[in-house]
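Visitor: I am new to this structure. Please take me through it and explain the terms as they come up.

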Amino acid sequence: MTTTDPSVAASTAGSSVPFVKSVVELDRVVIRLAGDSGDGMQLTGNRFTSETASFGNDLSTLPNFPAEIRAPTGTLPGVSSFQLHFADHDIMTPGDAPDVLVAMNPAALKANLSDLPGGGLLIVDSDEFTPRNLAKVGYASSPLEDHSLDGWQLVSVPLTSMTLDALADSGLGKKEAERSKNMFTLGLLSWMYHRPTEGTVRFLERQFRRKPEIAAANIAAFRAGYYYGETTEAFAVSYEIKPAPMAPGRYRNISGNQALALGVVAAGQRSGLPVFLGAYPITPASDILHELSRHKNFGVRTFQAEDEIAGIASAIGASFGGALGVTTTSGPGVSLKSEALGLAVMTELPLVVVDVQRGGPSTGLPTKTEQSDLLQAMFGRNGEAPVPVVAPRSPADCFDAALEAARIALTYRTPVMLLSDGYLANGAEPWQIPSIEELPDLRVEFASEPNSATPDGTPEFLPYLRDPETLARPWAIPGTSGMQHRIGGLEKADKTGNISYDPANHDLMTRLRQAKVDGIAATIPPTDVDDPDGDARVAVIGWGSTYGPIGAACRRIRRSGRSVAQIHLRHLNPFPADLGDVLRRYDRVICPEMNLGQLSMLLRAKYLVDVESHTQVRGLPFRSAELAAVVQDVIDSTSGAPLAADPTGGAE
Amino acid sequence: MTTVDLGMPAEGPIADAIARSLETQGAKQTQLKAKDLKTDQEVRWCPGCGDYVILNAVQSFLPSLGIAREDMVIVSGIGCSSRFPYYMNTYGMHSIHGRAPAIATGLAASRPDLSVWVVTGDGDALSIGGNHLIHTLRRNVNLTILLFNNRIYGLTKGQYSPTSEVGKVTKSTPMGSLDHPFNPVSLALGADATFVGRAMDSDRKGLTEVLRQAAEHQGTALVEIYQNCNIFNDGAFDLLKDSTTGVQWSIPLVHGQPLVFGPDGASCVVRDESGGLRIAETDQVDAGEIVVHDATRQDPSYAFALSRLSSQDLRYTPMGVFRSVRKPTYDRMMADQVEEARTSTPADLGALLAGGDTWTVDA
C-alpha cells in the first residue's frame, strides 16, 4: 500500500496527543476555503493540497479568484476561493459542491453559501461579522445570530482574535499578526482532517527565510490553530480519509501550468534542442512563463516580448535558427498571433503555441475557464492554414500533452496549438513522476547536405523537397554551409521554395500543407473509448478539461446499472483515423463542452453523425451530477425503461 | 579589411549539423566576392528604383566583413524593400508586415553566432512595426537594421507613409496628409538606440562607410537609408542629391571633425542658448564655438539635437553616424544568464520533474 516519506511519518507521530474526541472515517471530502483576495486563500488551499498529496489521498482542486488583484476589502467582487476534493479512492473532479465551507468574512459567506448543501459544515470567522462588514454585502442582520444558517452545521470561531492572542508575544503589530489567520485556519483544518503538518512548517521556514519573525509567527499561528482544534469543544469530531490506492511509483502534486512548463523543458531535453519561449504576460498563462524562466540551466531561453505578436515572432525566429520555439498565451493573445501563425504554417517551421483558454470574447473572464477557442485554433487564420491541435485532459496530463505537441511540431515542421484552459492551468492533482527513459525520443536531424541536383549535376538544396512519409520539409538552419535558402510568407514553389504565383502550384501547395497535417493521424493512437460494460448504446464525447467531470458522470451512471461509453479526444486536428467509425457505433452521441458546441460542430461536419451538444459557459467546470442527469435522460429515452438513480448519491 | 568575429555556434544538434556540413562542403568560405552573394532569382523592383543601388552596395560591401554566407541571415517584413532577402545568397526570411525586428530578435538572441540583418521600410518599421522597432532598439539585440526610407507606400501603390511630409497629396490624401511625420533617427535615439546612422542610396561611398560601422557595432544598429521611389515619390531626396543643393543642405557627420558644411564650409553647427544645436554662418562664430562631432557620447541628447536640425523638406540634414556607443548586448547577456544557471545548477531533468515534495507508493 502506501508509505509516506520519513518527514511525514515523523509529523504524524509528532501529533501523538491522544485524541479524546471521536474520529469518523470518510471516503472523500470536498472543502472550500473562501475569503477576501487579501486573505491568502489560494496559499492556504495550496498548502492544504500539498499536505493532502503527501498523505497519499487522491485529490483535485479548483481555485476560483477574481481578475482584480485586490478588489475593495470585504466586498463580493473581492471574494477568492479554493476548493479541494480528496478521497481514499481515485477521483476525477474537484467536486460539484463542498461538504465544508470555510468563510473568512460575510462576503465570502454570501458568495458561497448557495453552493453548500443543507446540513453541510460551515466554519466562519466570527470576528469579521462586524456591522460594517455585514453592511458592505447587504446583510441587514448578522446571519450568525438571526437563525438564517440553521439549515447548516454552523461553527462560529473567532479566528482573527485567536490568531492575535496566539501572536501576542511575537512582536508583530496587529495588522501584520492578523495576516496569519489563514495559517491558524489551516492548522485547524489540518487537525480536523489528520493532515501531516511538517511540510507546512518547512514551507513557511523556506518561504520567509529572510524574515524569520514572520516565519515564526505563521508557524505559531498554524500550531495554535491545530491545538485549538484538539482542545476546543466546538469540534467534537475529526475525520480520517485513508490514502488512496495508487499505482506504485513516486508521486508529486502538480498544477497544469507547472506540468505544461515541465513538459516543454522535457521536450527540449529529449530533442536536444534549446528551448526558446517568446511570451507576453497574460492570465491565466503567465505562470508558464514564470516557471520556464527559472530553468535556464536546461538551456531554456525566455523572452518577455513587447506584445503577443513579438512573442510568437521571436519564437519563429528562434525556430528558424534551430531552437524549439514556443509561445504561450490565452485566447486574446491567439487572436493577435494569428497572422504570424500563418507565417509559421507557410514557412513550415516547428512551433508550439500554448493557448490557456479563458472566458471570452474580448477580455471576457480572464480568471475563469472556458473551451471556446477550439474553432479559433482550428480556423482562426487567413487562407487555408491547417494547424494540428492537441489538448490535455487533466492538470498532470499537461506534461504529456506538451511533449506530444512538441513531437508533432518537430516531426512535421509545423506550428501546433496546445489548448489548455484556466481550470487545468490552476487546478492540481497527484502526478506519478515519469522516468526519463520512458519519455518520447524527440531527436531531430537538421539538413546538412544537398538533397537534389540541378540538371547539370550540381548538388543543390531544395528547402521544400518533402519527406515522402511525413511530407515534412527539411529543416536547414543558418550556419550550415551550402544550405542557404530563403523562406517567407509568399506562396512557395513546390520543392525549390522560390516565390511562385503559378495557379497550379498554389493549388498543389495548399493541398500538400493540408495533407501533411491530415497525415499526422497515422502516428496518433486509435480513439480512446472507455466502455467497461462493452454494451453501451450512448457515448459521451469530450475534449480537454471536461475529461474529469464527464468521467465522474459516467461512473455515476454505471453505478446505477446503465451502460455508457466515454470517448475523450487528445487530438482535435487531425482526429484519430477511426473516430468516424467509433461514433457511428452508438445510437446517441452527446458532446458536453464549455462553449456553444464547437467540437460537436466539427464532428457533425466531418462525420455526418448526429452529435448532440450539451453546453455551459459559466466560467466553471461542469458539475458531474448535472452531466450525469443529462446523459441518464438520453440513455433512458434510448433504452426505454428508466432505471433507478445512482444509489451511492454521488461518490466518484 | 574588417572582420567580424561571430563566436561559436550553440552546442548540440545545431553545432552537429554545422560540423557535418563543413565535412562535406569544406571549410567556411569567408573570402567572398559580390557575385557570391547574388542568387538566381530575377530582381523584381521597378527599373530605376533606389533599391537596386542599395542591393549592389550591400553585396559589394558585405564580403569585407569576412563572414561566410551561411552565417548571415537577412530578415525582412513587407514592402518593396522587404524583397531584399530573395536576392541575397545567405539565409533569409521574408516575413510579415512589421514583425522582422521581433523575428530577428528571437533568432539573434538564440544564435549569437550569426550575423543578423533586418531590411525594412518606413511603413514596415515605423507604422505597423513601430512597437517592435523601439523595443528592439532599447534591448540592444545584436542586429543591424537597414531602414529604407522612401517616404511613401510603394507596394500598395502610393499612399502617404509615416515619414511623408505634412500636406503630401497621395491616393489616400487627395487634399494633403495631416499627420506629422516621424524622423526615424530621432525616434531611434528616443528609444536610446546605441547606433544610429543615415545614408543616401546613391552615395555608394557614404553608404558603405555607415554600413561598415553599423556591421562592426555590437548591439542594435539602425541605418536610415534615403531611397528614391521613382514611381510614387520620385525626386524625394533630390535636394540632397543635387550637386549644388546637396552640398548646401547636407551636414556630413565625421567623428572628431567640426560640423562645418555648405559651399566653401560657409555653414556650421554651434550650441544654442538653450543647450541644443543651431546652424550658424561659419564666419560669424569663433572656431572654438563650432561643435566637434562626437558619436560616442553616452547621453543621446546631443545626437538627438543633431537629428532635429533637419526640417521636413530636408534642409540641414545630417548624414553619417549620429551615435555609436557601447552597451552590453541582449543576446550576450541572455547567453551569460544561461551559462551562469548551468554552472550553478546542473541540468538534471529527473530532479526537476520530481520537484520538492514527493511521496512513494510501494507495489
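Guide: This is a predicted model. Take helix 8 (residues 198-207) and helix 9 (residues 212-231) of chain A: their axes are 8 Å apart and make an angle of about 160°.

Visitor: What makes helix 8 of chain A roughly antiparallel to helix 9 of chain A?

Guide: Angles over 145 degrees count as roughly antiparallel. The angle here is about 160°, so helix 8 of chain A is called roughly antiparallel to helix 9 of chain A. The crossing of these two helices is right-handed.

Visitor: Which residues make the contact of helix 8 with helix 9 of chain A?

Guide: Helix 8 of chain A supplies A:T200, A:V201, A:L204 and A:E205, and helix 9 of chain A supplies A:A215, A:N218, A:I219 and A:F222. By kind, there are 5 nonpolar, 2 polar and 1 charged.

Visitor: Why is helix 10 of chain A called oblique to helix 15 of chain A?

Guide: Helix 10 (residues 256-271) and helix 15 (residues 397-412) of chain A pack at about 40°, with axes 7 Å apart. Roughly parallel needs an angle under 35 degrees, and roughly perpendicular runs from 65 to 115. An angle of about 40° fits neither class, and therefore helix 10 of chain A is oblique to helix 15 of chain A. Their crossing is right-handed.

Visitor: How many residues of the contact of helix 10 with helix 15 of chain A are nonpolar, polar and charged?

Guide: There are 13 nonpolar, 3 polar and 1 charged. Among them are A:G256, A:A259 and A:L260 of helix 10 of chain A, and A:C398, A:F399 and A:D400 of helix 15 of chain A.

Visitor: How do you know that chain A touches chain B?

Guide: Residues count as in contact if their C-beta atoms lie within 7 Å. In these terms, 72 residues of chain A are in contact with 64 residues of chain B. Helix 12 of chain A gives the most to its side, with 9 residues. Other elements that give two or more residues include helix 2 (41-55), helix 10 and helix 13 (331-347) of chain A. The side of chain A holds 34 nonpolar, 28 polar and 10 charged residues.

Visitor: What makes strand 9 of chain A and strand 12 of chain B a pair?

Guide: A pair needs at least two bridges. Strand 9 of chain A and strand 12 (residues 358-361) of chain B have 4 bridges, in the antiparallel sense, so they count as a pair. A:R252 has B:T358 as its bridge partner, and A:Y251 stands opposite B:W359.

Visitor: Why are strand 16 of chain A and strand 12 of chain B said to stand at the edges?

Guide: The open sheet has 3 strands in the order 16(A)-9(A)-12(B), with antiparallel pairing. Strand 16 (428-432) of chain A and strand 12 of chain B each have a single partner strand, so one side of each has no neighbour in the sheet. From one strand to the next, the twist averages 35°.

Visitor: Which strands does helix 2 of chain A touch as it packs on the sheet?

Guide: Helix 2 of chain A touches strand 9 and strand 16 of chain A together with strand 12 of chain B. Its direction makes about 165° with that of strand 9 of chain A. Helix 10 of chain A also packs on the sheet, touching strand 9 and strand 16 of chain A, and its direction makes about 115° with that of strand 9 of chain A.

Note on methods. Residues are numbered from 1 along each chain as its sequence is written. Chains are lettered from A and ligands numbered from 1 in the order in which they are written. This is a predicted model: local features need pLDDT of at least 70, side-chain atom pairs count only at pLDDT 80 or more; totals for chains, interfaces and linings use all residues. Axes are lines fitted to C-alpha atoms, for helices over the stretch in contact, and angles run from 0 to 180 degrees between N-to-C directions. A crossing is left-handed if the near helix is turned anticlockwise from the far one by less than a right angle, and right-handed if clockwise. Two residues are in contact if their C-beta atoms, placed from the backbone, lie within 7 Å. Ala, Val, Leu, Ile, Met, Phe, Trp, Tyr, Cys and Pro count as nonpolar, Asp, Glu, Lys and Arg as charged, and the others, Gly among them, as polar.
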